[in-house]
Amino acid sequence: MRRSKQREQAFFLIYQSMFNQDNGDAVELYNENVEELSEFARSTFESVSSKTEELDGIISQYLRGWKINRIPRINLAILRLAVYEVKYTDIPPSVAINEAVELAKTYSGSEDASFINGILGSVVKDL
């Protein structure tokens, strides 16, 4: 399975967990109803879940005129995943940003993709 597909799986789980706090259920439901979850997606999801407060703090630093609770959940899930990848993995920042923008284009909107690109560009400059 391609890495972008595995990343998309992690994104789905991150987004789903925003509505259901039981991470075990999220993984089980995904495996039963969608497809078998990759190990990369599972470990990324668990890592992002354990660092949600820290990731939200980083994202909040770059919001101009916005509060984090006003960001659409779909965009917040994308941002959490991308900031995690930039900060905690060896994935090149440009790849993490590009993948986040592609997720936003697919699941959000073109204006949201620009918003996400801007936030992540600022995050990368400061890390």
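This is a short guided walk through the structure shown above, from its overall build down to a few single residues. Keep in mind as you look that the model is predicted.

Let us begin with the whole chain. What kinds of elements does the chain contain, and how many are there? The chain has 7 helices and 0 strands. Read from the N terminus on, the order of the elements is therefore simple to write down: α-α-α-α-α-α-α. If you trace the backbone with your finger, you pass from helix to helix, with no strand along the way.

Next, consider the overall dimensions. The C-alpha trace spans about 40 × 30 × 25 Å along its principal axes. Is that what a compact globule would give? A useful guide here is the radius of gyration, which would be near 14 Å for a compact globule of 127 residues. The chain has 14 Å, so it agrees with that expectation. The accessible surface of the chain comes to about 6,900 Å², and 45% of that surface belongs to carbon and sulfur atoms. As for the inside, buried residues make up 43% of the 127 residues.

The contacts tell you something about how the chain folds back on itself. Take the contacts between residues at least 6 apart in sequence: 68% of these join residues at least 24 apart.

Now let us look at how helices meet. Two packed helices are described by the angle between their axes and the distance between the axes. Helix 5 (residues 73–88) is a good place to start, and we will look at its meetings with helix 4 and helix 3.

Helix 4 covers residues 52–61. Its axis and the axis of helix 5 come within 10 Å and cross at roughly 95°. Why is this pair called roughly perpendicular? Angles from 65 to 115 degrees count as roughly perpendicular, so a crossing of roughly 95° puts helix 4 roughly perpendicular to helix 5. On the helix 4 side, the residues that take part are Thr52, Glu54, Leu55, Asp56, Ile58 and Ile59. They meet Leu76, Leu79, Arg80, Val83, Tyr84, Lys87 and Tyr88 in helix 5. Sorted by class, the residues of this contact divide into 8 nonpolar, 1 polar and 4 charged.

Helix 3 (residues 39–50) also meets helix 5: their axes come within 10 Å and cross at roughly 95°. Helix 3 is thus roughly perpendicular to helix 5. Here Phe40, Thr44, Ser47 and Val48 of helix 3 make the contact with Arg80, Leu81, Tyr84 and Glu85 of helix 5. By class, this contact has 4 nonpolar, 2 polar and 2 charged residues. You may recognise Arg80 and Tyr84, which are listed for the meeting with helix 4 and for the meeting with helix 3.

With the helices in place, we can visit some single residues, beginning in helix 1 (residues 3–17), where Gln9 is found. Is Gln9 buried or exposed? Gln9 has a relative accessible area of 0%, so it is buried. Setting aside neighbours within four places in sequence, Gln9 is in contact with Met1, Tyr30, Glu35, Glu36, Leu37, Ser38 and Ala41. Ala10 is in helix 1 too, and at 0% relative accessibility it counts as buried. With neighbours within four places again left aside, Ala10 touches Ala41, Thr44, Phe45 and Leu81. Ala10 and Asn117 are 107 residues apart in sequence, and their C-alpha atoms are 19 Å apart in space.

Thr52, which we met in the contact with helix 5, has a relative accessible area of 22% and is therefore partly exposed.

Our last stop is toward the end of the chain. Val101 sits in helix 6 (residues 93–107). Its relative accessible area is 11%, and since buried means under 20%, Val101 is buried. Beyond its neighbours within four places in sequence, Val101 is in contact with Ala113 and Asn117. From Val101 to Ile116, 15 residues apart in sequence, the C-alpha atoms are 6.6 Å apart. Ser114, in helix 7 (residues 110–126), has its C-alpha atom 7.5 Å from that of Val101. Yet Ser114 counts as exposed, because its relative accessibility is 51%.

Conventions. Residues numbered from 1 in each chain as written. Predicted model: local features only at pLDDT ≥ 70, side-chain atom pairs only at ≥ 80, totals over all residues. Heavy atoms only, no water. Axes fitted to C-alpha atoms, helices over the stretch in contact; angles between N-to-C directions. Helix = DSSP H or I, 4+ residues; strand = E, 2+ residues; numbered from the N terminus. Parallel < 35°, antiparallel > 145°, perpendicular 65-115°, else oblique. Contact = heavy atoms within 4.5 Å. Nonpolar A, V, L, I, M, F, W, Y, C, P; charged D, E, K, R; others polar. Rg over C-alpha atoms; globule rule 2.2 N^0.38 Å. Buried < 20%, exposed > 50% of the residue type's maximum accessible area, 1.4 Å probe, protein only. Areas by Shrake-Rupley, 256 points an atom, 1.4 Å probe, with all protein chains shown as cover.
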